[in-house]
Amino acid sequence: MLDTVLIKMNTTNKNLVFNILTILLFGVNSIFAQSIKYSSFQPGEIWKDNNGIHINAHGGGILYQKGTYYWYGEHKIEGKAGNAAHVGVHCYSSKDLYNWKDEGISLSVVNDTASDIQKGCTLERPKVIYNAKTKKYVMWFHIEKKGKGYKYAHSGVAVSAKPTGPFKFIGSVRSNPGHWPINVLPIHKQPVSDYVKKTYFPGGGFPGNIDTLNILGKFFDEGQMERDMTLFVDDDGKAYHIYASEYNATLQIAQLSDDYTTHNGRYVRAFAGLFMEAPAIFKHNGLYYIIMSGTTGWLPNPGRAAVAPSIWGPWTETGNPFVDADLETSYHSQSTYILPVAGKKDAFIFMGDRWRPDNAIDGRYVWLPIEFEGDKMVLHWYENWDLSKFNSN
Ligand code: DGJ
């Protein structure tokens with residue numbers, strides 16, 4: 001019947017019918033796509049946004065602002081090539097933490113070979129904080145130049161007047177050039193001593209770059225390396241940049257300037273020589289807690305945790321916070337952020353990535369409630385959980 005009608009129609013009318021059918025088909029499709037309503041977290045499963053598409057915000061972090069959560073993360077594409085930044089930083093918003101609305105790309109990479117955020121660069125672990133004085137949203141992220149591996153070790157900074165962007169890239173930095181950390185050791189200020197040379201190279205034959213034995217001193221002039229990173233704003237409004245430095249051997253914690261767009265010269269070294277990545281930090285009952293990972297690329301490893309009375313330390317390691325089966329892979333995840341749940345006492349959510357380096361876009365999210373045993377935090381595995389988990393707190 002439809003066939004006969006179509007044959008009798010002229011081309012314009014046929015196109016019209018085709019267009020109407022297409023609109024109906026896509027309309028029905030998107031009604032179905034939008035009908036998914038979540039009321040719990042399912043760590044490691046596909047997690048769809050309001051358009052029915054798996055959330056694309058890896059290595060992410062969350063900003064809470066006036067009743068809305070904003071989730072920022074790396075937008076990945078298909079395949080191995082998808083680990084590089086071909087699109088930018090994706091932003092989603094939510095009122096309840098389960099259901100997320102696609103807010104689009106908040107910071108776009110550019111088609112400019114002179115820019116650090118050139119399409120195809122490595123742009124990782126974006127985090128956004130709000131500066132009440134400047135009324136600006138400030139984004140920091142780890143940046144590596146296109147095709148240059150992980151040598152550049154800089155952080156990019158971008159600002160926006162709105163939480164969803166567009167963020168304007170203002171440049172990239174190494175941290176605190178010309179400044180020693182608060183806990184600098186005398187040895188850092190000296191050339192590598194004969195004693196050190198003899199100890200490590202008893203037969204002579206020093207490497208050309210003998211200064212790498214004093215990594216901190218080596219980067220004193222140009223600024224410290226910055227790779228995996230997070231941001232933390234304390235109760236007094238002071239903000240901190242926490243990043244893997246010194247070839248990822250040592251974590252550095254650096255205070256930001258009042259406008260949050262650069263470092264202010266004050267920083268410490270923590271966990272010197274212990275090789276940790278993926279820092280995620282929060283404050284609870286006056287203590288500072290951090291969760292990190294070891295350094296095994298995209299492969300998961302046992303988590304690390306530590307606590308300190310001040311953000312400047314001293315930090316005391318408390319062991320692997322993952323305590324159930326698969327604890328040696330942190331439940332196949334790597335930390336990225338710890339989210340304080342608004343309006344709930346003592347409620348913190350661990351956010352981790354389950355990377356899929358062979359098909360980057362398929363990376364999953366592992367969100368779990370942080371639980372405390374005394375002052376020690378632990379992460380149990382839950383296949384399915386919701387915010388009522390925090391009701392007994
Ligand atoms: C581990 C880091 O935590 C990730 O952000 C990423 O840089 C991968 N290494 C790359 O291998």
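These are my notebook entries on what I looked up in this structure, which is a predicted model.

**Entry 1: the chain as a whole**

I began with the secondary structure, and I found four helices and 21 strands in the protein chain. I then looked up burial, and of the 393 residues of the protein chain, 50% count as buried. For contacts between residues at least 6 apart in sequence, I noted that 51% join residues at least 24 apart.

**Entry 2: the sheet of strands 1 to 4**

Next I followed one sheet strand by strand. Four strands form this open sheet, and their order is 1-2-3-4 with antiparallel pairing. I noted strand 1 and strand 4, residues 101–108, as the edge strands, since each of them pairs on one side only. From one strand to the next, the twist averages 25 degrees.

I looked at the individual pairings as well. Strand 1 and strand 2 run antiparallel and are joined by six bridges, and strand 2 (residues 68–74) pairs with strand 3 (residues 88–94), also in the antiparallel sense, over six bridges. Which residue of strand 2 is the bridge partner of Tyr64? I found that this partner is Tyr69, and on the side of strand 3 I found Ser94 standing opposite Tyr69, so that Tyr69 can be followed in both directions when tracing the sheet. The hairpin of strand 1 and strand 2 has two residues between the strands, and there I noted that Lys66 takes a positive phi near 50 degrees. I also looked up how covered strand 1 is, and seven of its eight residues are buried.

**Entry 3: the largest pocket**

I turned to the pockets, and the largest pocket holds about 510 Å³ of space. It is lined by 20 residues, and those closest to its centre are Ile62, Tyr64, Val233, Tyr337 and Pro340. I asked myself which strands supply at least two residues each to this lining. They are strand 1 (58–65), strand 5 (122–131), strand 9 (229–233), strand 13 (277–284) and strand 17 (334–340). Tyr64, which I had met as the partner of Tyr69, is thus listed again among the residues closest to the centre of the largest pocket. By class, I recorded 16 nonpolar, one polar and three charged residues in the lining of the largest pocket.

**Entry 4: the second largest pocket**

The second largest pocket holds about 340 Å³ of space. I listed 19 lining residues for the second largest pocket, and Ile187, His188, Leu213, Asn214 and Ile215 lie nearest its centre. The elements that give two or more residues to the lining of the second largest pocket are helix 3 (194–200) and helix 4 (215–218). Sorted by class, the lining of the second largest pocket has ten nonpolar, seven polar and two charged residues.

**Entry 5: cis peptide bonds**

I then looked up two cis peptide bonds before proline. One joins Gly165 and Pro166, with omega at about 5 degrees, and Pro166 is found in the loop between strand 7 (154–160) and strand 8 (168–173). Another joins Gly313 and Pro314, with omega at about 0 degrees, and Pro314 lies in the loop between strand 15 (304–308) and strand 16 (316–317).

**Entry 6: positive phi at Ala278 and Asp326**

I noted Ala278 for its phi near 60 degrees, a positive value in a residue other than glycine. Ala278 lies in strand 13, one of the strands that supply at least two residues to the lining of the largest pocket. Is Ala278 buried or exposed? Ala278 counts as buried because its relative accessibility is 0%, which falls under the 20% limit for buried residues.

Asp326 also caught my eye, with a positive phi near 75 degrees in a residue other than glycine. I placed Asp326 in the loop between strand 16 and strand 17. Its relative accessible area is 35%, so Asp326 is partly exposed.

**Entry 7: Asn248 in its loop**

My last look was at Asn248, which is found in the loop between strand 10 (239–245) and strand 11 (250–256). Although it sits in a loop, Asn248 counts as buried because its relative accessibility is 11%. Which residues does Asn248 touch, not counting those up to four places away in sequence? I found contacts with Arg227, Phe275, Met276, Glu277 and Thr295.

Note on methods:
Residues are numbered from 1 along each chain as its sequence is written. This is a predicted model: local features need pLDDT of at least 70, side-chain atom pairs count only at pLDDT 80 or more; totals for chains, interfaces and linings use all residues. Side-chain values use heavy atoms; hydrogens and water are left out. On a 1 Å grid over the protein atoms alone, a cavity is a set of points where a 1.4 Å probe fits but cannot get out, and a pocket is an open set with protein on both sides within 12 Å along at least five of seven lines; lining residues have an atom within 4 Å of a point. Grid points are joined across faces, edges and corners, and a volume is the space filled by probe spheres set on the points. Ala, Val, Leu, Ile, Met, Phe, Trp, Tyr, Cys and Pro count as nonpolar, Asp, Glu, Lys and Arg as charged, and the others, Gly among them, as polar. Two strands pair if DSSP finds at least two bridges between them. Axes are lines fitted to C-alpha atoms, for helices over the stretch in contact, and angles run from 0 to 180 degrees between N-to-C directions. Buried means under 20% relative accessible area, exposed over 50%, partly exposed in between (1.4 Å probe, protein chains only). Contact means heavy atoms within 4.5 Å.
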